Amino acid sequence: MEAVVAVFALLFVLFLGLGAYATVKAIGAAKRGVDRTLTQARRTVEDHTLRAKSFAQPGPVGEIAQLRLKLRTSMRATQDALLAGVAGDESLKESLGLFERLSAHGHELDDELKRLESEPDRAALAERLPELRERTERITHCADSLRWAARDRARRFADDDLEALSAQIDVEAGALRHWTTAEQPPPSWPEALPADAATGRHTRSEATRPPTEETAARPAITPPTARQTYSWQKKPRPESTS
């Protein structure tokens with residue numbers, strides 16, 4: 001009895017632990033989903049704000065907003081392309097590592113540009129613009145190079161796979177149409193019949209030909225001829241008429 005109670009207690013604790021683990025995992029997944037949604041919403045709001053500043057505020061402030069928008073758009077597009085491609089191509093892991101190092105420089109530049117948006121000294125801000133523009137151009141150029149290289153690699157693999165598939169389909173189509181090559185031409189009409197066939201046909205025609213006067217006069221059965229007798233033979237016994 002005590003063993004049965006212990007088994008039930010153990011099963012209860014096990015089910016309780018599994019339920020708690022599933023609850024924690026569900027809460028974690030929901031929290032990650034909420035964080036992801038909030039991050040995307042915050043990015044969307046920031047992008048719209050930067051786009052509005054670039055049009056509404058001319059001068060250094062508007063150009064800084066344009067630099068931030070260009071930097072964020074390029075880095076985000078490259079990140080999405082590499083993360084989507086590394087799932088099917090393991091060789092992109094090295095490119096993803098390089099992008100993470102580049103992202104550190106990108107975040108540093110984005111933070112600096114964000115601080116300079118509220119800079120009251122417009123003259124000092126205008127002096128910093130060439131250097132900021134050059135750094136933004138270098139980072140975005142590196143990000144664009146990684147992104148386009150990953151896309152070209154994926155397209156090249158797709159083209160190679162399509163070419164191999166097309167060759168296999170051509171071979172299979174040729175195999176399915178094998179009757180066009182194996183089909184023999186119809187036999188031609190014979191010019192003359194063989195000798196044995198002609199003889200047989202002539203014999204059959206004579207057998208079916210109607211009797212003439214010569215053939216009608218000929219007896220159907222050859223009459224018996226008188227047999228020669230010898231001295232040592234007995235006289236032939238007359239046939240009985242009974």
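This is a short walk through one protein chain, from its overall make-up to a few chosen residues.

The model is predicted. Confidence comes first. The mean pLDDT of the chain is 75, and 65% of the residues reach at least 70. Confidence also varies by element. Helix 3 has the highest mean pLDDT, 92. Helix 6, residues 195-207, has the lowest, 52.

Next comes the overall make-up. The chain has 7 helices and 0 strands. Along the sequence the pattern reads α-α-α-α-α-α-α. The chain has 242 residues, and 17% of them count as buried. Its accessible surface is about 19,800 Å². Carbon and sulfur atoms supply 61% of that surface. Now take the contacts with a separation of 6 or more: 72% of them join residues 24 or more positions apart.

Helix 3 is a good place to start looking. It covers residues 92-116, 25 residues in total. From first C-alpha to last, helix 3 reaches 35 Å. That is close to the 36 Å expected at 1.5 Å a residue. Many names appear on its buried list. Among them are Leu92, Leu96, Phe99, Leu102, Leu109, Leu113 and Leu116. The list also includes Ser95, Ser103 and Gly106. Two acidic residues, Asp110 and Glu112, are buried there as well. What covers these buried residues? The cover includes helix 2 (60-86) and helix 4 (122-176).

Lys114 also belongs to helix 3. Is Lys114 buried or partly exposed? Lys114 counts as partly exposed, because its relative accessibility is 45%, between the limits of 20% and 50%. Arg68 is 46 residues from Lys114 in sequence. In space, their C-alpha atoms are 7.8 Å apart.

Now step just past the helix. Glu117 sits in the loop between helix 3 and helix 4. Its relative accessible area is 14%. The cut-off for buried is under 20%, so Glu117 counts as buried. Which residues touch Glu117, leaving aside neighbours within four places in sequence? Its contacts are Leu50, Lys53, Val61, Ile64, Ala65, Arg68 and Arg122. Arg68 thus appears here, as it did beside Lys114 in the C-alpha distance.

Ile64, one of the contacts of Glu117, lies in helix 2. Ile64 is buried, because its relative accessible area is 0%. Beyond its neighbours within four places in sequence, Ile64 is in contact with Leu113, Leu116, Glu117, Leu125 and Leu129. Leu113 and Leu116 are on the buried list of helix 3. Leu50 is 14 residues from Ile64 along the chain. The C-alpha atoms of Ile64 and Leu50 are 8.9 Å apart.

Helix 4 offers another view. Thr136 is found in helix 4. Thr136 counts as buried, because its relative accessibility is 1%. What does Thr136 touch, apart from neighbours within four places in sequence? Thr136 is in contact with Leu67, Leu71, Leu109 and Leu113. Leu113 has now come up twice, as a contact of Ile64 and as a contact of Thr136. Leu109, like Leu113, is buried in helix 3.

Last come the rings. How many aromatic pairs does the structure hold? The count is 0. One ring still has a charge over it. The charged end of Arg151 sits over the ring of Trp148. The distance to the ring centre is 5.1 Å.

Conventions:
Residues are numbered from 1 along each chain as its sequence is written. This is a predicted model: local features need pLDDT of at least 70, side-chain atom pairs count only at pLDDT 80 or more; totals for chains, interfaces and linings use all residues. Side-chain values use heavy atoms; hydrogens and water are left out. Helices (H or I, at least four residues) and strands (E, at least two) are DSSP runs, numbered from the N terminus. The expected span of a helix is 1.5 Å times one less than its number of residues. Buried means under 20% relative accessible area, exposed over 50%, partly exposed in between (1.4 Å probe, protein chains only). Contact means heavy atoms within 4.5 Å. Accessible areas come from the Shrake-Rupley method with a 1.4 Å probe; for residues, only the protein chains shown count as cover. Rings of Phe, Tyr and Trp (its six-membered ring) pair if their centres lie within 6.5 Å; planes under 30 degrees apart count as stacked, over 60 as edge-to-face and the rest as tilted. A charge sits over a ring if NZ of Lys or CZ of Arg is within 6 Å of the ring centre and within 35 degrees of the ring normal. pLDDT is the predictor's confidence in each residue, from 0 to 100.
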